[in-house]
Amino acid sequence: MGTYSKIYQSWKDNPQQFWAEAAQLINWDKPWDNIQTTHNGLDRWYVGARCNTSYNCLDRHVKSGRADQTALIYDSPVTGKKKQYSYKELLEEVGTFAAVLQNQNVQKGDRVIIYMPMVPEAAIAMLACARIGAIHSVVFGGFASPELATRIDDCKPKLIVAASCGIEPSRIVEYKPLLDAAIRLAKHKVEKSIILQREEHVVALDNLIDLDWQKLVKAAKKQGQKAEPVSVLATDPLYILYTSGTTGTPKGVVRDNGGHMVALNWSMKAIYNINPGDVFWAASDVGWVVGHSYIVYGPLLQGATTIMYEGKPVGTPDAGAFWRVIEDYKVKSFFTAPTAFRAIKKEDPEGEFFKKYDLSSLEALYLAGERADPATIKWAEKHLKIPVVDHWWQTETGWAIASNPIGIENLPIKYGSPTKPIPGYDVVVLDDEGEAVENGVTGNILIKRPLPPGCLPTLWNANAVFNEKYFDNFKGYYETSDAGFIDDDGYLFIMARTDDIINVAGHRLSTGAMEEVLSGHPDVAECAVIGVKDALKGQMPIGLVILNNGVDRGVDNIEAECKQLMRDEIGPVAAYRTTIIVARLPKTRSGKILRATMRKIADGEAFKTPATIEDPTVLTEITTRFKEVGLC
Ligand code: COA
Ligand code: AMP
């Protein structure tokens with residue numbers, strides 16, 4: 001592919017030509033009229049082109065000789081099951097399920113929510129939606145009913161596809177009661193649900209709205225029903241993926257069809273060094289963007305083999321779980337979150353499990369979801385003896401903004417940096433006034449418009465919010481809400497979020513949403529949620545709560561209730577455990593709670609008392625309180 005700097009420059013000199021060339025790898029039903037346009041503040045790629053994502057992920061490879069190559073491997077240590085699908089078999093399943101959806105009158109443009117664990121049927125449902133032009137919205141299984149209900153009301157699905165259960169190592173997660181409660185809570189009335197019955201927990205179906213996945217598929221197969229790919233515009237939405245914002249209402253990140261295919265296909269080689277036929281594994285979940293891009297779409301677009309792993313880095317059964325999968329399937333590039341590595345390191349500090357497996361197929365490890373701390377990278381390098389790549393991206397972008405592009409050139413690593421911007425991304429650092437800062441000085445990290453193909457063209461039903469949130473503060477730039485700096489060699493360093501988003505075990509969570517939940521407790525007068533450093537999960541949420549006057553119930557009860565409330569309203573994924581009752585919260589004179597200052601106190605970082613503070617003695621009280629509970 002040439003050297004990184006040459007390729008980056010060639011993109012900068014002529015972005016349209018660069019993305020026209022990358023698009024040659026994709027099969028188009030009709031070529032584009034304009035490669036890139038901006039209308040009403042929205043940037044679009046491959047305007048006027050027609051295509052189908054499922055065709056490009058499946059049919060294209062079957063036709064070009066990959067029919068018998070393994071497309072998808074399912075490996076589930078939590079159930080003891082394993083299964084493999086060739087490209088031909090996966091196409092058969094996707095075509096059939098797409099016909100099942102059409103039989104339920106799901107048509108192009110209709111939304112379908114997918115609420116499923118890490119089973120192949122989740123990928124089959126996603127690709128089936130793509131096949132008929134329906135827009136899927138996958139909801140992570142660790143979210144509770146109210147979160148699911150919010151998403152139902154926002155995207156108004158015609159149908160929900162769910163499984164009877166998910167399986168966590170410690171328990172069966174019963175999806176059906178969660179789904180039923182969400183449907184009851186939502187204002188939008190869902191007409192039908194298709195339920196995949198898992199033998200680990202079979203549920204009773206409601207005759208009025210529930211349909212049985214297995215029965216529908218069997219009937220469709222008996223009649224030989226299969227849906228052909230429906231041609232959609234490159235700019236038509238492929239999916240909506242909700243992600244945490246600063247408020248309790250999640251944002252529906254939209255992904256288009258054409259730009260998404262071009263960007264992911266290009267990234268598979270340039271970033272992950274994956275060629276058709278190679279085995280790629282992203283140990284994430286289909287409920288997150290990593291799962292969308294690099295469990296399902298990216299590897300299949302490239303004609304590679306992908307792995308769906310229903311297990312954890314540790315405990316299923318031990319800290320060698322990842323190495324067993326890499327040996328079994330000869331994985332070439334592996335992608336996971338730093339927190340997973342920290343979990344392994346905690347269980348196996350001397351790296352004994354690495355020695356038990358043949359890891360000779362593995363050429364590179366990729367980490368994302370949170371900043372990869374240098375200690376974790378060095379530990380991984382020591383035991384794997386391959387490049388360990390920290391790369392930075394967001395649900396919004398759908399693929400990496402910065403990475404060591406191993407498929408182009410293996411650049412020298414700088415610990416704590418996700419290396420350099422990827423072609424497509426012109427990254428700058430500006431101060432709050434919009435002035436460029438010098439190299440090495442921390443500021444707002446921004447990306448010059450237009451964002452490259454694959455990035456969100458808008459938020460679902462919220463063009464105005466999209467422009468306000470991402471483009472209002474710095475004209476001509478996309479605001480990443482990450483702060484950091486660029487050094488003299490052009491390496492990026494991502495240091496912190498500039499908003500109230502926290503990162504817990506690689507999961508993006510909104511402290512604003514958590515505060516809304518705590519405020520709903522009848523004894524809570526005021527509250528703040530902050531993310532404090534955690535050796536395993538990166539950050540953990542801590543709730544600081546002022547009780548209503550006269551509340552004299554046991555503090556232990558209130559703390560337990562807050563924890564349960566968070567589980568019921570947001571879900572176990574919030575990992576909310578700690579509530580600290582305080583007498584006052586530090587505020588500015590205009591009433592803004594000083595969350596960042598409290599976080600610094602808890603993390604033991606140096607902090608300046610803000611000049612605008614209403615009463616500086618509150619900070620002393622908070623410090624004392626944190627010490628009492630052993631936080632600092
Ligand atoms: N469905 C239902 N519940 C889920 C779930 C799912 N898909 N995923 C997690 N949960 C639950 C867990 O069981 C846990 O519940 P508990 O409070 O009853 O114990 C809770 O949510 C918190 O989960 P988590 O924060 O993931 O902690 P953990 O102790 O179960 O696992 C790690 C810790 C580090 C092993 C795990 O978080 C991990 O593998 N993280 C990687 C994340 C990732 O891949 N992110 C994507 C970016 S690459
Ligand atoms: P998500 O949308 O869940 O992918 O989370 C995106 C956010 O996670 C980013 O805005 C960053 O704050 C953080 N993040 C993801 N990857 C990295 C990384 N490699 N380094 C630093 N922060 C990261």
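Select T37 and leave aside its neighbours within four places in sequence: T37 is in contact with L42, D43, R44 and V47. T37 sits in strand β1. The model is a predicted one. Colour T37 as buried, because its relative accessible area is 13% and the cut-off for buried is under 20%.

**Helix α2**

From β1, move to helix α2, residues 15-22, where the buried residues are F18, W19, A20 and A22. Show what these buried residues pack against: α1 (4-13), β1 (34-39), β2 (42-47) and α9 (258-270). Strand β1, the place of T37, is thus met again as one of the packing partners of α2.

Now centre on W19. Which residues is W19 in contact with, leaving aside its neighbours within four places in sequence? Among them are the tryptophans W11, W45, W266 and W399. The list also has I35, Y46, V262, A263, P423, G424, P452 and P453.

**The nonpolar cores**

W19 leads on to the largest nonpolar core, which has 124 residues. Select W19, F97, Y297 and W399 together; these touch the most other members of that core. Next, pick helix α5 (residues 120-132), which supplies the largest share of this core, 10 residues. A second core, separate from this one, has 49 residues, including A182, A186, I240 and Y576. In soluble globular proteins, nonpolar side chains tend to be buried together.

**Ligand 1**

Select ligand 1 and display its surroundings, which comprise 23 residues. The closest are E168, R171, A505, K537 and R567. Sorted by character, the shell around ligand 1 holds 10 nonpolar, six polar and seven charged residues.

Three polar contacts can be picked out here. In R171, a polar side-chain atom lies 3.1 Å from an oxygen atom of ligand 1. For K537, the distance from a side-chain N or O atom to an oxygen atom of ligand 1 is 2.9 Å. At G142 it is a backbone N or O atom that takes part, 3.4 Å from a nitrogen atom of ligand 1. How much of ligand 1 does the protein bury? Taken alone, ligand 1 exposes 940 Å², and the protein buries 83% of that.

**Helix α15**

Go on to helix α15, residues 511-519, in which seven of the nine residues are buried. Select T511, G512, A513, M514, E515, V517 and L518 to show the buried residues of α15. Their packing partners include the strands β27 (501-504), β28 (507-510), β29 (524-534) and β30 (538-547). Helices α16 (555-569) and α17 (595-603) are also packed against by the buried residues of α15.

Which residue caps the N-terminal end of α15? Zoom in on S510: a side-chain oxygen of this residue lies 3.2 Å from the backbone nitrogen of G512.

**Ligand 2**

The last stop is ligand 2, with 14 residues around it. D390, T395, D482, R497 and R508 come nearest. The shell around ligand 2 divides into three nonpolar, five polar and six charged residues.

Show the side chain of T395, in which a polar atom lies 2.6 Å from an oxygen atom of ligand 2. Then show Q394, where a polar side-chain atom is 2.9 Å from an oxygen atom of ligand 2. R371 takes part through its backbone, with a polar atom 3.5 Å from a nitrogen atom of ligand 2. On its own ligand 2 has 490 Å² of accessible area, of which the protein covers 91%.

Note on methods
Residues numbered from 1 in each chain as written. Chains lettered and ligands numbered in written order. Predicted model: local features only at pLDDT ≥ 70, side-chain atom pairs only at ≥ 80, totals over all residues. Heavy atoms only, no water. Near = heavy atom within 4 Å. Polar contact = N/O pair within 3.5 Å; in protein donor to acceptor, adjacent residues only side chain to side chain. Areas by Shrake-Rupley, 256 points an atom, 1.4 Å probe, with all protein chains shown as cover. Nonpolar A, V, L, I, M, F, W, Y, C, P; charged D, E, K, R; others polar. Buried < 20%, exposed > 50% of the residue type's maximum accessible area, 1.4 Å probe, protein only. Helix = DSSP H or I, 4+ residues; strand = E, 2+ residues; numbered from the N terminus. Contact = heavy atoms within 4.5 Å. Core = buried A, V, L, I, M, F, W, Y, C linked by side-chain atoms within 4.5 Å.
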